[in-house]
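Good morning. Please look at the sequence and the model on the screen, and I will go through them part by part.

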Amino acid sequence: MSSTGSASSLNNASASGSQSSASPIISSATPADIAALVPLVNRAYRGEAGEQGWTNESHLLSGARTTAAGIEELLQNPGALILKYTGSDGTLLGCVYLQTQEERLYLGLLSVLPSHQNAGIGKQFLAAADDYARQHRCTHIHITVISARTELLTWYERHGYRRTGEIEPFHAGEKFGIQKQKLELAVLEKPIPA
């Protein structure tokens with residue numbers, strides 16, 4: 001099954017329902033979307049003071065969260081897909097990275113434009129990830145979250161994710177930003193029933 005076909009069926013399952021006829025769309029991102037994805041992700045994670053949403057981590061890291069080369073690398077990873085959420089007016093409002101890894105699905109880079117946070121877009125991405133995991137016969141989804149981000153850990157836990165007890169070191173170097181303090185990543189998993 002192609003990733004584009006998978007995203008189409010995800011769109012029908014997760015972006016419809018209570019939406020009007022001009023519904024937002026969840027679909028697969030392509031290299032043509034990189035120029036729009038980079039500022040979206042950077043605004044969601046490291047937005048300016050007047051635009052900080054609840055997912056902002058600029059108190060922990062400085063610098064860009066991603067670059068065009070970083071997004072391009074993600075799109076080229078085997079088994080990888082970036083889903084994008086486009087508003088009814090065509091504006092890119094969010095994205096999430098998914099990568100199948102044998103029987104697991106890795107979820108990362110969940111980003112929503114700060115002005116649209118708390119509008120249910122993140123929940124729609126989680127539902128789309130669940131559907132994608134089932135379609136690819138994954139038994140669970142795993143994520144890593146900066147352990148100092150207690151509000152984000154709590155949000156994922158409310159959506160069925162559980163801490164595994166595993167802690168990973170934060171990424172070395174400046175690829176994901178410059179650490180303002182020593183950071184670690186908590187590993188969370190969510191089982192996906194067949």
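Is Asn118 buried or exposed? With a relative accessible area of 73%, Asn118 is exposed, because anything over 50% counts as exposed. Keep in mind that this is a predicted model. Asn118 sits in the loop between strand 5 and helix 4, and that helix covers residues 121-135. The phi angle of Asn118 is near 70 degrees, which is a positive value in a residue other than glycine.

There is another loop residue to put beside it. Glu102 also has a positive phi, near 60 degrees, and it is not a glycine either. Its loop runs between strand 4, residues 92-101, and strand 5, residues 104-112. Glu102 is exposed, with a relative accessible area of 79%.

Now the whole chain. How many helices and strands does the protein chain have? There are 5 helices and 9 strands. Reading from the N terminus, the order is α-β-α-β-α-β-β-β-α-β-α-β-β-β. The chain has 194 residues, and 48% of them are buried. Its accessible surface is about 9500 Å², and carbon and sulfur atoms hold 51% of that. Take the contacts between residues with a separation of 6 or more: 64% of them join residues 24 or more positions apart in the sequence.

Next, the inside. In soluble globular proteins, nonpolar side chains tend to be buried together. Here the largest nonpolar core has 48 residues. Which residues have the most contacts inside it? They are Leu107 and Tyr156. If we leave out neighbours within four places in sequence, the contacts of Leu107 include Val96, Tyr97 and Leu98. Further along the chain, Leu107 also touches Leu126, Ala129, Ile141, His142 and Ile143, as well as Tyr156 and Tyr161. Another core lies apart from the largest one. This other core has 6 residues, among them Leu60, Leu61, Ile146 and Leu185.

Leu185 comes up again when we turn to Pro169. Pro169 is in strand 7, which spans residues 162-169. The C-alpha atoms of Pro169 and Leu185 are 6.0 Å apart, although the two residues are 16 apart in sequence. Not counting residues up to four places away, Pro169 touches Leu183 and Leu185. Is Pro169 itself buried or exposed? Its relative accessibility is 67%, so Pro169 counts as exposed.

The last part is a pair of helices. Helix 2 is residues 34-46 and helix 3 is residues 68-76. Their axes are 9 Å apart, and the angle between them is about 110 degrees. Angles from 65 to 115 degrees count as roughly perpendicular, so helix 2 and helix 3 are roughly perpendicular to each other. The crossing of helix 2 past helix 3 is right-handed. Which residues make the contact? From helix 2 they are Ile34, Leu37 and Val38, and from helix 3 they are Ala68, Ile71, Glu72 and Leu75.

Ala35 is in helix 2 as well. Ala35 is exposed, with a relative accessible area of 67%. Between Ala35 and Thr67 there are 9.2 Å in space, C-alpha to C-alpha, and the two are 32 residues apart in sequence.

To go back to the start, find Asn118 on the screen once more: it is one of the exposed residues, at 73%. Then follow the chain to helix 4, which begins at residue 121. That is the end of my part.

Conventions: Residues numbered from 1 in each chain as written. Predicted model: local features only at pLDDT ≥ 70, side-chain atom pairs only at ≥ 80, totals over all residues. Heavy atoms only, no water. Helix = DSSP H or I, 4+ residues; strand = E, 2+ residues; numbered from the N terminus. Buried < 20%, exposed > 50% of the residue type's maximum accessible area, 1.4 Å probe, protein only. Contact = heavy atoms within 4.5 Å. Areas by Shrake-Rupley, 256 points an atom, 1.4 Å probe, with all protein chains shown as cover. Core = buried A, V, L, I, M, F, W, Y, C linked by side-chain atoms within 4.5 Å. Axes fitted to C-alpha atoms, helices over the stretch in contact; angles between N-to-C directions. Parallel < 35°, antiparallel > 145°, perpendicular 65-115°, else oblique. Left-handed = near helix turned anticlockwise from the far one by under 90°.
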